[in-house]
Structures are given as C-alpha cells and as structure tokens.
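This report looks first at a record annotation and then at the fold and the contacts between chains.

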Amino acid sequence: MASIGPNELFFLAQGLKWTLALTLIGFVGGGIFGLIVALARTAESAALRRVTTGYIAVFQGTPLLMQLFVVYYGVALIGLNIDAWLAVAIAFTLHASAFLGEIWRGGIQAVPKGQTEAAKALGLHYVSTMKDVVLPQAFKISLPATIGFLVQLIKGTSLAAIVGFVELSRAGQIVSNQTFRPLTVFAIVGLAYFLICWPLSLWGARTERRLQTATR
Amino acid sequence: MSYTLDFSAVIERLPELLLAALATIGLALAGMSLATVIGVLGVVARRSRFKLLRGLVIGFVEVIRNTPFLVQIFFIFFALPQLGVRLNPTVTAIIALALNGGAYAIEIIRGGVDAIPKGQIEAGLALGLHRGQIFRHVILKPALRTVYPSLTSQFVMLTLTTSVCTSIAAYELTSVAQKIEADTFRSFEVYFSITLLYLVISSLMMGVFALISRISFNYPVK
C-alpha cells in the first residue's frame, strides 16, 4: 500500500483549487443571471413571468448531474469548441441563476408593497425603484437562503467529477485508486468540504436568527 | 460541422429506460421512508436528557449537511470495505440516501417540533396523557403537518440526488443512460431524454405529495 505523502496532498489541494474556482464562477455568473431571472420573474409582463417560472421549474425539477451532462454535450453539439471546464462552468452558472433567481424572487416579493408605491409616488423610475429601494431590502431578507445555496453549490461542484472534471472529489478518487487508502483519502476530502461549508452554514444560521429577531 | 439529432437509439431502448426510471423511484421511496424514520428518531434523540446523544445527533446532521452526497456515497462504498463492511451498490445507495435525507429531515422536523406552543404540551399533561401519547399526538402530528411542505420538497431533491448513485454503478436511470450512451454514442439525445424523464418523475412526485397533503391534513387547525 502506498502512503499519502506531500505529493498526494498537493494533488488534492490542486483539486480543491478547482472546486473553489468552479464555485466562484457559478456563484458570480449565477448571481448576475439570477438577478435578471428574479427581475423578470417579478416583472409586470405576464409573458416574462411565465418564461422565467418555466426556466426555474426545469432547473429545480431535474438533477444537477443531468444539467451538467446536457450542457456539456449540448455546447459541443451547437458547434462550440470549448474547454471542458468552460462547459461545466456554464452549466453551474445556469443552475445557480435559476436557484438564486427563485430565492431573490421571494426576497423581492417579501418587501412590503408600500415601498414600491412610495417610490412611485416620489417619482422614481423603475431602475431607481429597484436599485435604491426594493433590492437592498430584498437582498437582506434573502441573505440566509443565499448563503444556504452557496453551500449547496460548493457541494454541487463535486458532480463535475462524474463528467470527468478533476476537482476535489475526482482528485480524491484518483489518489484513492493510486494509494489504495480510500478511508484516509475520503476522510480528508470530506473534511476539506466540511471546513469550507460549515462556517458558511453557521453564518447562514446566524443571519437567519438575526433577521427573525429584527422582524419580530 | 453539421450534426443531426437522432433519437432512434433512445426510442429503441425506451423500455429499458422506463424500467430504470422505476428503479430510480424505488430508490427514492426507500430513501425517503428511511429518512423519515431517521428524522423522527433523530428529533427524539435531540430532545433526550443525555448530552452525549444530543451531541452525536447534532454532529451527524452538521457533517452530512456540509459534505457532498458524492463523497458520502464514495465513503460508504469504497472506504467502509477497508473496515470490513462490504455492501452492494443498491444497498449502499439506499443507505447513503437514507442518511443524507435523514440529516435534513431531522433539521426540518425539529423546526416544526420547536414551533409547538408549550401550552399545548401542558394541556396534554393536564388531560392526563402520558409522555408517549403527548409526543405522538400533541407534538409530532401537528409538527409534521407544519413541516410537510419543506419536508416533501427536500424529498423531491433527494429523488433528483439518486442520479449521483450512478457513480457507484447502482442500477437506476442515470447509470442505464450512461450504458446506452456508451453503446450508441448519442450522448446529447440520451441525456436530454432522461432529463425530461426526471422532470416527469419530480412533477409526479410533487403531485402525489400535494394529494397526500389534501387527504391527510384536511382537518381544520382551529
């Protein structure tokens, strides 16, 4: 049995780097598109609302793994010759945009209607109403759920391993196959995820408690 | 480059896929039932007088909720044999789904139990009910009713998570799709079709959950 030395740990650290990169891309990209989704989902136009409702329903009603597969093979199909990691990043961005869009939709709708009406009475136009009045409050309300989704996304990036992308989980699988020490390797991999996700979860729970006492 | 979509491979092997879809539903149902049991027992243990037991439950919930399902299933399938526990893929999948769903169920059900007003429990005591009766009728039943929407949406997510069980080659929809893909090289067509199948499965499940809710929770609250 080979032992787990600095080389193996370095390989896992490389995988961890990709896990964090994928999460970051998914969260930032998903955040930008998610905002558009949330705004369209709460727009006055019924057609926009219906389209985004369908978009969210599809992403929430299918496995993330399938979304990865379909996007991965889909981009090749439409003739785009792009790197595997870019295809995976696109899939995570789309996935995150649907979930964040739904979370922020809830936040926007939880802002009292009087706020929008007051903004209108003050003569603010749509952009200003959203940017200065509604969205800051909506983000505050949806912060716990947003953090919760971030944790979900970090864990979700592990599925890129099944598509063959070498992030933390896949790196763990490779090291495990080389060293025949699955117990140690997967314990290390699990611990790495835990150390990233747990503080975020605690932070999410704390913001939720604070929000509850603030609104009570 | 021009590529023509060809779904004939999918259509030809549709019976195989539908059978695998049933296996997916089976895995999901087994996972959900065990998760509910773990959820209720976990909540009971979390309210226990023993600090150690409470700590264990909290630790279990935090570890499961903050690590990916893929790593959990790998751990059970690849690491446990090192400790002498060897399980077949289907059993591994069910255990992993039950533990994962169970951890979330504990958190969700606990939220409902905590929301039961103290006066209701005292009313139960005043009526002469004993502890078991109070837990069952005064605490658990109303709590389950309160958390039913979040619990069932968690279960729909658990159903979608079953696709990850393909990583240990458990028999379910995704692993069968991967086999068909390897045979036919029609990757996009195969995955696109089973994505639709998953959409049908999750919609069906949501429909059934809504129906159950209407039948079993139709008594008035106040």
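Which residues of chain A does UniProt place in the feature "transmembrane region"? According to the unreviewed UniProt entry, this feature falls at residues 20-40, 52-78, 84-104, 141-163 and 183-203 of chain A. The coordinates discussed here belong to a predicted model, and two of the annotated spans are described from that model in the table.

| Span of chain A | Helix | Strand | Distance between end C-alpha atoms |
|---|---|---|---|
| Residues 52-78 | 85% | 0% | 23 Å |
| Residues 141-163 | 87% | 0% | 35 Å |

Turning to chain B, the secondary structure comprises nine helices and zero strands, so that reading along the sequence gives the pattern α-α-α-α-α-α-α-α-α. The C-alpha trace of chain B spans about 75 × 45 × 25 Å along its principal axes, and 39% of the 222 residues of chain B count as buried. Among the contacts in chain B with a separation of 6 or more, 79% are accounted for by residues that are 24 or more positions apart.

The two chains also meet each other, with 32 residues of chain B in contact with 31 residues of chain A. On the side of chain B that touches chain A, the elements giving two or more residues are helix 3 (51-65), helix 4 (69-79) and helix 9 (187-216) of chain B. Helix 9 of chain B gives the most to this side, contributing ten residues. By residue class, the side of chain B that touches chain A divides into 19 nonpolar, eleven polar and two charged residues.

Definitions and conventions:
Residues are numbered from 1 along each chain as its sequence is written. Chains are lettered from A and ligands numbered from 1 in the order in which they are written. This is a predicted model: local features need pLDDT of at least 70, side-chain atom pairs count only at pLDDT 80 or more; totals for chains, interfaces and linings use all residues. Two residues are in contact if their C-beta atoms, placed from the backbone, lie within 7 Å. Helices (H or I, at least four residues) and strands (E, at least two) are DSSP runs, numbered from the N terminus. Ala, Val, Leu, Ile, Met, Phe, Trp, Tyr, Cys and Pro count as nonpolar, Asp, Glu, Lys and Arg as charged, and the others, Gly among them, as polar. UniProt positions are given in the numbering used here, feature names are shortened, and annotations may be inferred rather than shown by experiment. A residue is buried if 20 or more other C-beta atoms lie within 10 Å of its own, exposed if 12 or fewer, and partly exposed in between; C-beta atoms are placed from the backbone.
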